[in-house]
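Colleague: I'm new to this one and would love a friendly tour. Could you show me the structure and take a few questions?

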Amino acid sequence: MIQCQIVNIEKGLLYDEYRNVVTPPLGWVFLPAGDAGITRKVTAKKRYWKVVFKKGRRTMSKGVWAPRDIIENAQKEVASTRSTDTYKKKQAYTKARRDKLQSEYEVEFYNTVKKHLRFDEKYKSMETILAAVITEFAIPVGSGTVARTQQIPISERAKKAVTAWMRHQTSNYDNMKIPLIKGKRREVRRNIAEESNKILDKYRKGESVSENCPLFKKVKQIAQNKS
């Protein structure tokens, strides 16, 4: 197997591990990523090229190149399996269980966000709205947000989710032109996080806040949109 990487997706060039441009063998076709069942059957034959690309720090799969007959046979086998009543019942059970776990996690994450916010009693209504919108922002399956990781405690996930939401919703971060200097983006994010914590502390202490406070304005907008 040769593992290839798309370094310039616009031109669609494939490079091997030695940075040489390569072309798939005659009779091979491309199978896009997305159907794990078919991909597993294809790669089990040990005759494929895995196409990968970089997205930030992560290496992600674009799909695989493999002989046409291997891919077509895999597609037929998977289609045949998925047409059986046994498979359909198993899928229905799996989905129901997954949905139940997701619902339970939503409640747990929401309560953990509220615990992290811990606003003063006079701002409890804002806390409720904010916890709900941050939970909605952070926990969708496949979102790739920190809320989906199991590598850190849920309390830390909630804290990071609040920080991320405020960075995008109550600061100018998304419109900033950050210089391509190592560590600069991290520095900007750290500074915004510090400012966000200062804002949150006012609500935790029950201090008076201006109607021009970015968090106050955002939560007010959210409440109006939901009414």
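**Helix packing and a few residues**

Modeller: Happy to start with a pair of helices: the axes of helix α1 (residues 36-43) and helix α2 (residues 68-82) come within 9 Å and cross at roughly 135°. Please keep in mind that this is a predicted model.

Colleague: Which word describes how α1 and α2 lie to each other?

Modeller: Two packed helices are described by the angle between their axes and the distance between the axes. Here the crossing angle is roughly 135°. Angles over 145 degrees count as roughly antiparallel and 65 to 115 as roughly perpendicular, with the rest oblique. The term for α1 and α2 is therefore oblique.

Colleague: What is the hand of the crossing where α1 passes α2?

Modeller: The axes of α1 and α2 come within 9 Å. As α1 passes α2, the crossing is right-handed.

Colleague: Which residues of α1 meet α2, and how many nonpolar, polar and charged residues has the contact?

Modeller: On the α2 side, the residues met are I70, I71, A74, Q75, E77, V78 and R82. Those in α1 are G37, I38, K41 and V42. By class, the contact of α1 with α2 has 3 charged, 2 polar and 6 nonpolar residues.

Colleague: Is T112 buried or exposed, and which backbone oxygen does its side chain reach?

Modeller: T112 sits in helix α3 (residues 85-117). Its relative accessibility is 16%, and buried means under 20%, so T112 counts as buried. Leaving out residues up to four places away in sequence, T112 touches I154, S155 and A158. At 2.7 Å, its side chain reaches the backbone oxygen of E108.

Colleague: What does H116 touch, not counting residues up to four places away in sequence?

Modeller: H116 also belongs to helix α3. With 15% relative accessibility, H116 counts as buried. Not counting residues up to four places away in sequence, H116 touches K159, V162 and R204.

Colleague: Where does K46 lie, and what is its phi?

Modeller: Most residues other than glycine have a negative phi. K46 lies in the loop between α1 and β4 (49-55), and K46 is exposed, with a relative accessible area of 65%. Its phi is positive, near 65°.

Colleague: Is R118 buried, exposed or partly exposed?

Modeller: R118 has its place in the loop between α3 and α4 (124-138). The phi of R118 is a positive value near 40°. Its relative accessibility is 48%, and exposed means over 50%, so R118 counts as partly exposed.

Note on methods: Residues numbered from 1 in each chain as written. Predicted model: local features only at pLDDT ≥ 70, side-chain atom pairs only at ≥ 80, totals over all residues. Heavy atoms only, no water. Axes fitted to C-alpha atoms, helices over the stretch in contact; angles between N-to-C directions. Helix = DSSP H or I, 4+ residues; strand = E, 2+ residues; numbered from the N terminus. Parallel < 35°, antiparallel > 145°, perpendicular 65-115°, else oblique. Left-handed = near helix turned anticlockwise from the far one by under 90°. Contact = heavy atoms within 4.5 Å. Nonpolar A, V, L, I, M, F, W, Y, C, P; charged D, E, K, R; others polar. Buried < 20%, exposed > 50% of the residue type's maximum accessible area, 1.4 Å probe, protein only. Polar contact = N/O pair within 3.5 Å; in protein donor to acceptor, adjacent residues only side chain to side chain.
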